[in-house]
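Good morning, colleagues. Please have the sequence and the coordinates open, as I shall go through selected regions in turn.

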Amino acid sequence: MLENLLAQIQQYNPNSDLSLIIKAYNFAEAAHEGQVRKSGEKYFVHPVEVARILAELEMDDSTIVAGLLHDVIEDTKYSYEQIKKEFSEEVAVLVEGVTKLGNFTYETKEERQAESLRKMFIAMAKDIRVIIIKLADRLHNMRTLKYMNENKKKEKAMETIEIYAPIAHRLGISKIKWELEDLSLRYIDPDGYYELVEKVAKKRREREDYINQVIKQLKEALNNVNIEFELSGRPKHFYSIYRKMVYQHKSFEEIFDLTAIRIIVDSIKDCYGVLGIVHTMWKPIPGRFKDYIAMPKPNMYQSLTTVIGPMGEPFEIQIRTRDMHRIAEYGIAAHWKYKEGRSAEEDMDDKLNWLRQLLEWQRDLSDPREFMESLKIDLFTNEVFVFTPKGDVVDLPAGSTPVDFAYKIHSAIGNSCIGAKVDGRIVPIDYKLKNGNIVEILTSSHSNGPSRDWLKFVKSTQAKNRIRQWFKKERKEENTEKGKEMLEKEVRRSGYEGQALLKPQWLSQLAKKFNLNTIDDLYAAIGYGGIMMNQVIPKLKEMYKLAQKEERSTEDIVTSHNKQYKPRQENKGNQGVTVKGIDNILVRFSKCCNPVPGDEIIGFITRGRGVSIHRKDCPNIADDYESQDRFIEVEWDEGRQITYQTEIQIIAADRKGLLSEITNVLSETKLTVTAINARTNKERIAIINLTIEITNIAQLDRLMNKIKTMQGVMDVYRVTS
């Protein structure tokens, strides 16, 4: 076994350090001494076969060594540190990356599988050779799967066809991908597999005669031009035929392209030259020509593929250069550079962007089922290639929509998407994109953001994660608003005007004490209950008292009110309100209830901020029995004409011209509008807030009564916090 392995390595890498390979071989043989596989053969045969598969992929010495040692940490007494000491840190990292998770307990097998794959992908991001070793390991295990029990066979086969074969496809290693798929099919649907093998064998002779005739005609045509070429037939793999029969609901007799013809030439120019000759000889089938040279697949695959139909039977022709053929067979392994000073990781940077994206998208997924589902979407779906209006190519999972496209371009584009054009015409945002579509996203700065309904039809994990993140952020904003309202309300209940305690510098200090970065983070923590009011209010009071040492205390104000005063002129001129018994005191109107002339009002003595005027039915003071000694009698000064701001909210069925009619009513009543905010919800209900200036409650009542008579208006009421 050792001699065969060394000979295989020397064929493609004459500069290999064979002494290192021999050392690893002997080390692994000794480490696995006494271990036996299910088949009865020595366990050590398995790592040697894995190393041979890696040599077929023409991998470097460190990868071959790691292949020989890949089960040593997991199944023997040797540790990571010992592998590092005996060989190198590079080899130890590769072996440790392949090693399954051990010494951990998981509730479900799915959770264990998800965590094992997470670890493997993280190791892949550091060094892609980890997954190449893992694929070689899985391939040999599948070759010897017949020795397992029936349940284990099917379980391993399903895992292989759902996880490992698609990873091989994504890395472009078709040499491994096809074999993994065919081996898996044998155990997933043995009856279907062997029936298919029999049918293909029966039809092979007539297909070979047909293909040989086509090859002969092609050779004659290509010999007449100055192009060097290699021409061969390639039988389709069983799983490829099986997929067509199952997913396209075709019978075996309806599948004609059981064999493809491959033409390998020296240059890209020759590829297109051969294509021209082929299309002059036979009529191409519309829609079945694909130019993967100009637009390579994400797994680096390049080729011209056309389906033609001489004599009524379609067949596929692939045209590629020798370099393209090597990449199509070996994928990312074909790029491995063990003779140059430049590291392979650097060389792979551009080619592994998809892997880094995958890791980024998976970080927030804690549920194993969600992880596995998104993993299958990211790695294993077919692609659709579309264009931006500028002509850039964008690849997406098959079945993707304009929303997937928008989020692929940028999160901000996705979040502000309101529609899309495909090939110049407007389409629904759940329209399924097709190869070659030119996609233009329509956006608006006034967009309300993504809809949760989008999660039902988007295909890419990137789009799903970005939509979820938006809603997570939206909830944070809701919590921030809620926390701010709660804090302001609690401050008022404590007898302070809101702004008296809620100074930005004090709130920033408080946020830092709770290890929060911003004031908004503090509000959000209060909003979702992470921080309680009794943790916040006392600290704000302390800060307030320190800053207000020179102002009169509450006791001084209350005492002066209770003293017997000589008859004197009552205080007037404070914004149209008279405070009985006190001269020259600051009066403030509370924003929580926005009192206006005509409302029954009451005064509330605040700490150092004068008297706050509330409506008597204001919920913020109605139940405040603890502070009864600070209420004071006040009344409107009817001799003064002052305008006051108040806010009303209108709830109405949304319809054309609604807002225009409301503004006409305002114009008729000759009231000034200082602010307007209109919006509609999903049920097409319009919610309109108006801030208006009035001099008394009678004006407000007249306006509200007029609006209530309008078509579709459900309710009109004053806004209080």
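Which exposed residues does the face of α1 turned away from its buried side carry? They are E3 and Q11. Before I continue, please note that this is a predicted model.

Let me stay with helix α1, which spans residues 2-12. Its buried residues are L5, L6, Q8, I9 and Y12. These residues lie on the same side of α1, because the arc they cover around the axis is only 160 degrees. Among the elements that cover them are α2 (18-31), α3 and α4.

Helix α4 deserves a closer look. Nine of its nine residues are buried, so the helix is largely enclosed by the rest of the structure. The buried residues of α4 run through D61, S62, T63, I64, V65, A66, G67, L68 and L69. I64 is in contact with I9, Y12, I21, A51, L54, A55 and M59, leaving aside residues up to four places away in sequence. Of these, I9 and Y12 are among the buried residues of α1 that I listed a moment ago.

I64 also brings us to the nonpolar cores. The largest one has 57 residues, and the members that touch the most other members are I64, L69, I83, L135 and I176. Which helix gives the most to this core? That is α9, residues 129-143, with eight residues. A second core, separate from this one, has 35 residues, including V587, W636, M704 and V716.

I now turn to two loop residues with a particular backbone angle. E58 sits in the loop between α3 (45-56) and α4 (61-69). Its phi is near 60 degrees, a positive value in a residue other than glycine. E58 counts as partly exposed because its relative accessibility is 22%, and the buried class requires a value under 20%. D423 is placed in the loop between β8 (417-422) and β9 (425-427). The phi of D423 is near 55 degrees, again positive in a residue other than glycine. With a relative accessibility of 46%, D423 counts as partly exposed.

Next, the cysteines. A disulfide is a covalent bond between the sulfur atoms of two cysteines. How many disulfides does the model contain? The count comes to zero, where a pair would need its sulfur atoms within 2.5 Å. Two cysteines may be mentioned individually. C271 is buried, with a relative accessible area of 0%. C417 is buried too, with a value of 4%.

C271 is also one of the contacts of T321, a residue found in strand β5 (residues 315-321). T321 counts as buried because its relative accessibility is 8%. Beyond C271, T321 touches I264, V265, D266, S267 and I268, not counting residues up to four places away in sequence.

My last region is a sheet further along the chain. Four strands form an open sheet in the order β19-β20-β18-β21, with antiparallel pairing. Its edge strands, each pairing on one side only, are β19 and β21 (713-718). On average, neighbouring strands of this sheet are turned by 15 degrees against each other, direction ignored.

Strand β20, residues 685-694, is mostly covered, as nine of its ten residues are buried. How many bridges join β18 to β20? Ten bridges join them, and the two strands run antiparallel. Strand β18 covers residues 644-653, and its A653 stands opposite I685 in β20. Strand β19, residues 672-680, also pairs with β20 in the antiparallel sense, over eight bridges. For example, T680 has A686 in β20 as its bridge partner, and R679 has I687.

Two helices lie across this sheet. Helix α28, residues 658-669, lies across β18, β19 and β20, and runs at about 20 degrees to β20. Helix α29, residues 697-708, lies across β18, β20 and β21, and runs at about 165 degrees to β21. M704, named earlier as a member of the second core, falls within the residue range of α29. V716, from that core as well, falls within the range of the edge strand β21.

That concludes the regions I wished to present, and I thank you for your attention.

Note on methods:
Residues are numbered from 1 along each chain as its sequence is written. This is a predicted model: local features need pLDDT of at least 70, side-chain atom pairs count only at pLDDT 80 or more; totals for chains, interfaces and linings use all residues. Side-chain values use heavy atoms; hydrogens and water are left out. Buried means under 20% relative accessible area, exposed over 50%, partly exposed in between (1.4 Å probe, protein chains only). Two strands pair if DSSP finds at least two bridges between them. Axes are lines fitted to C-alpha atoms, for helices over the stretch in contact, and angles run from 0 to 180 degrees between N-to-C directions. Contact means heavy atoms within 4.5 Å. The arc is that of the directions from the helix axis to the C-beta atoms. A nonpolar core is a set of buried Ala, Val, Leu, Ile, Met, Phe, Trp, Tyr and Cys residues joined through side-chain atoms within 4.5 Å.
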